[in-house]
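This briefing concerns the chain shown below. The topics are its overall make-up, two helix pairs and one serine site.

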Amino acid sequence: MLKGYEEISDGDAAGYHAATSDTDVLCREGSLMGRIFATKDILQSQQDPRQLKRSLNLFDLISYGIGATIGAGIFVLTGVAAAERAGPALCLSILFDGLACIFSALCYAEFASSIPSSGSAYTYTYVSLGEFPAWMIGWALVIEYVLGAATVARGWSGYLVSFLADIGLGLPENFLLVPITDSIEIDGLAAAIVIILTTVVISGTKKTANINSIVTFASLIVVLFVIFAGIPFVTPTNWTDSFAPFGIAGIFGGSATMFFAFIGFDSVANLSEEVKHAKRDIPLGIILSLVICTCLYFCVALIITGMVPYYQIDPMAPLSAGFSSVGMDWAGIIISLGAFAGLTTTIITLLGAIPRTVFAMGRDGLVPQQFSKVNSWTHTPIWAITFCGSVAFILALLLDIELLGELVSFGTLFAFTLVCFGVVTVRFRPNLDIPGVTRMEARIAGILVAYVLTIIIATFAFLFNLPVYVKVVLSVLPLCPLAFLIYMPRHGFVDYNQFANNEKFRVPLMPLIPVLGLAANTVMIL
């Protein structure tokens with residue numbers, strides 16, 4: 001069932017077969033459980049003639065990761081989180097987000113190194129946990145990220161109109177924004193940018209990567225300008241007088257606000273099938289882009305909370321207002337251009353990554369096969385891109401911008417959770433084509449079910465007026481099923497990776513790192 005995930009050297013064969021001799025099959029291949037949790041054959045997928053062209057390098061991947069991560073978050077969300085959530089302690093919130101994401105990112109890196117195929121969390125879940133969980137997470141990510149692309153397009157439209165007004169080129173009030181009902185307005189500008197960028201994505205992966213790199217570079221220049229131009233205006237007392245005015249709850253509230261800005265590495269993993277040296281470059285691209293973006297967010301948070309007292313930060317335009325407060329009104333134009341570039345790269349990465357998931361699902365037969373067709377000229381999944389772009393176009397035309405942040409974050413956390421569970425599954429299972437579900441897999445599935453149920457219970461507990469001690473107990477409850485994973489090597493389960501002899505990236509400290517990732521995801525969900 002995981003044929004091709006590991007290659008066992010001859011010298012380790014004796015130990016490997018000794019470790020796998022007691023494998024117990026609970027559910028046979030033809031049973032209902034066996035069908036629901038039927039896993040994907042990696043070799044068969046990699047030998048499929050419907051493959052995307054490998055044209056990307058490490059620089060392209062880092063640009064994609066940075067472009068998807070800094071986006072508008074660094075220009076807007078930092079102000080919201082600092083003014084209303086964490087204050088100067090926002091830097092700690094960002095460090096927590098970076099640390100929480102690095103655990104999941106390491107799990108993504110192991111899968112991407114071993115399975116250089118499109119689909120990201122969908123493919124990894126199919127390989128490790130089975131068809132039904134993969135089908136669920138695949139559609140969850142497609143729907144939520146398409147909605148996310150539409151929402152960002154709406155923000156892009158509003159930002160452009162505001163920017164033009166700031167430089168004296170104001171548009172008429174109803175220009176490209178036509179009210180239909182009290183709650184629905186047609187935004188022609190948002191729909192237009194979706195069409196343009198969908199066309200860019202269709203034109204070819206390398207062409208899209210080049211355009212994305214140029215726009216990302218422009219955005220990075222603006223971020224570096226903010227950091228170095230703001231240093232002379234930092235007043236340390238703005239940090240020390242009230243470092244964490246909202247307490248620990250505010251620090252975690254700031255983390256929750258900023259979290260969605262840190263999930264760009266999922267877009268990098270989605271491009272695995274189009275990378276020339278995927279086994280080496282994908283793990284590096286995921287980890288380096290996350291580290292770079294964490295450092296940038298950390299520095300910007302220090303600058304904005306050092307230039308302006310947290311209670312005076314403008315949540316809507318924190319950086320522009322901050323520089324205006326020190327007499328640098330002209331800096332607002334530069335910052336607006338950076339935010340505009342950041343929004344553009346976010347739309348590009350979303351519209352480019354999600355069709356790869358639809359393409360992978362089409363290749364596996366979980367959606368119509370038409371979506372798995374690759375254009376012979378552009379070498380892109382043109383039908384999958386057109387489908388996702390069309391849906392995003394309709395939503396951008398009609399959707400209200402305030403609907404989707406928490407929904408997308410929750411779906412992403414769900415994907416991170418399944419990937420962390422999945423990497424444990426593939427590391428603690430035999431590399432044999434066993435027809436059915438083994439006892440170990442059934443136990444891990446039981447842990448996953450228990451984890452999800454406790455998350456649901458803990459979430460609903462916060463909706464009712466329960467005593468504080470009850471809420472604390474229920475908050476800790478989801479961590480209990482994870483404790484068993486740490487003791488798996490002591491309970492008769494063997495890490496079969498110890499018998500592997502290859503150069504693929506592997507998560508260190510197994511299973512501690514995935515468990516820490518699951519714990520961090522739990523905190524962010526609650």
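The points below are grouped by topic, beginning with the chain as a whole.

The structure is a predicted model. Its chain contains 22 helices and four strands. Of the 526 residues, 55% are buried.

**Chain overview**

- Among contacts with a separation of 6 or more, 85% involve residues 24 or more positions apart.
- The secondary structure comprises four strands alongside 22 helices.

**Helices H10 and H14**

- Two packed helices are described by the angle between their axes and the distance between the axes.
- Helix H10 spans residues 205-230 and helix H14 spans residues 278-307; their axes lie 9 Å apart at an angle of about 40°.
- H10 and H14 are therefore oblique to each other, since the angle of about 40° falls outside the range under 35 degrees that counts as roughly parallel, and also outside the 65 to 115 range for roughly perpendicular.
- The crossing of H10 past H14 is left-handed.
- On the H10 side, the contact is formed by Leu220, Val223, Leu224, Val226, Ile227 and Gly230, which meet Leu296, Cys299, Val300, Ile303 and Met307 of H14.
- By class, the residues of this contact comprise 10 nonpolar, one polar and no charged.

**Helices H16 and H17**

- Helix H16 (residues 331-363) packs against helix H17 (residues 382-398) at an angle of about 125°, and the two axes are 8 Å apart.
- This makes H16 oblique to H17, because the angle of about 125° lies between the roughly perpendicular range of 65 to 115 and the roughly antiparallel range over 145.
- H16 and H17 cross in a right-handed manner.
- Residues Leu351, Ile354, Pro355, Arg356, Val358 and Phe359 of H16 are in contact with Ala384, Ile385, Cys388, Gly389 and Ala392 of H17.
- The contact between H16 and H17 includes nine nonpolar residues, one polar and one charged.

**The Ser157 site**

- Ser157 lies in helix H8, which covers residues 131-166.
- Is Ser157 buried or exposed? Ser157 is buried, because its relative accessible area of 5% is under the 20% cut-off.
- The side chains of Ser157 and Asp187 form a polar contact at 3.0 Å.
- When neighbours within four places in sequence are set aside, Ser157 is in contact with Asp187, Leu189 and Ala190.
- Asp187 thus appears both in the polar contact with Ser157 and in the list of residues that Ser157 contacts.

Notes. Residues numbered from 1 in each chain as written. Predicted model: local features only at pLDDT ≥ 70, side-chain atom pairs only at ≥ 80, totals over all residues. Heavy atoms only, no water. Axes fitted to C-alpha atoms, helices over the stretch in contact; angles between N-to-C directions. Helix = DSSP H or I, 4+ residues; strand = E, 2+ residues; numbered from the N terminus. Left-handed = near helix turned anticlockwise from the far one by under 90°. Contact = heavy atoms within 4.5 Å. Nonpolar A, V, L, I, M, F, W, Y, C, P; charged D, E, K, R; others polar. Buried < 20%, exposed > 50% of the residue type's maximum accessible area, 1.4 Å probe, protein only. Polar contact = N/O pair within 3.5 Å; in protein donor to acceptor, adjacent residues only side chain to side chain.
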